[in-house]
Amino acid sequence: MKKVRILTLLVICIAILAIGLYIGYIGPRTTKQLTEEEKAAVVRIALNDSRAREEIGDKGYELGDVDLCWLEQVYQEETSSDMYPCLRIYIGGKEQIGVTLVVFVDLVEERVIHIGYEYRRGQPPTP
């Protein structure tokens, strides 16, 4: 009887491990890929957004790739999260110290839903 319980517990642990590996490695690869037309629409929507244009101002910028990015928003006690197309805009150049705008776009409503910021820093001084 004790061997049956141990064997059952072992089977459950293996099943949990297999599910975890599937979700962690195989699941993300099956995510929908954006078409070239969708990517072009993301760039167009992001660059036409007044908030993004204000952030860019008259500074130079480089466009990064259009990817699918996870966005989680929390307001008071409500949380919403989903995958959205996003465009990285490197203000001042990709290799320079500065700010990268991460512009999340809703393709159905054709609007920018959020702009995130990633700060690019230089290498720390060597001692």
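What share of the 127 residues of the protein counts as buried? In this predicted model, the buried share is 25%. The legends below begin with the whole chain and then turn to selected parts.

**Figure 1. Overall arrangement of the predicted model.** The secondary structure of the protein consists of three helices and four strands. Along the sequence these elements follow the pattern α-α-α-β-β-β-β. Of the contacts between residues at least 6 apart in sequence, 46% join residues at least 24 apart. The protein exposes about 9,800 Å², and carbon and sulfur atoms supply 57% of this area.

**Figure 2. Helix H2, residues 36-48.** Helix H2 has 13 residues and, at 1.5 Å a residue, should span 18 Å; the C-alpha atoms at its ends are 18 Å apart, so the expected span and the model agree. The buried residues of H2 are Ala41, Val42, Ile45, Ala46 and Leu47. An α-helix has 3.6 residues a turn, so residues three or four places apart point the same way. The buried residues of H2 pack against helix H3 (50-56) and against four strands: E1 (61-75), E2 (78-91), E3 (98-106) and E4 (111-120).

**Figure 3. The largest nonpolar core.** This core holds 16 residues. Those with the most contacts inside the core are Leu87, Ile89, Leu101, Val103, Val105, Val112 and Ile115. Two or more residues come from each of the elements H2, H3, E2, E3 and E4. Helix H2 gives the largest share of the core, four residues. In soluble globular proteins, nonpolar side chains tend to be buried together.

**Figure 4. The surroundings of Val105, and a separate core.** Neighbours within four places in sequence are left aside in this view of Val105. The residues in contact with Val105 are then Val42, Ile45, Ala46, Tyr84, Pro85, Arg111, Val112 and Ile113. Apart from the largest nonpolar core lies another core, of six residues. Cys69, Cys86, Phe104 and Ile113 are among the residues of this other core.

**Figure 5. Glu72 in strand E1.** Which residues does Glu72 touch, not counting residues up to four places away in sequence? Glu72 touches Thr79, Ser80 and Ser81. Glu72 and Met83 are eleven residues apart in sequence, and their C-alpha atoms are 8.8 Å apart in space.

Notes
Residues numbered from 1 in each chain as written. Predicted model: local features only at pLDDT ≥ 70, side-chain atom pairs only at ≥ 80, totals over all residues. Heavy atoms only, no water. Expected span 1.5 Å × (residues − 1). Buried < 20%, exposed > 50% of the residue type's maximum accessible area, 1.4 Å probe, protein only. Contact = heavy atoms within 4.5 Å. Core = buried A, V, L, I, M, F, W, Y, C linked by side-chain atoms within 4.5 Å. Areas by Shrake-Rupley, 256 points an atom, 1.4 Å probe, with all protein chains shown as cover.
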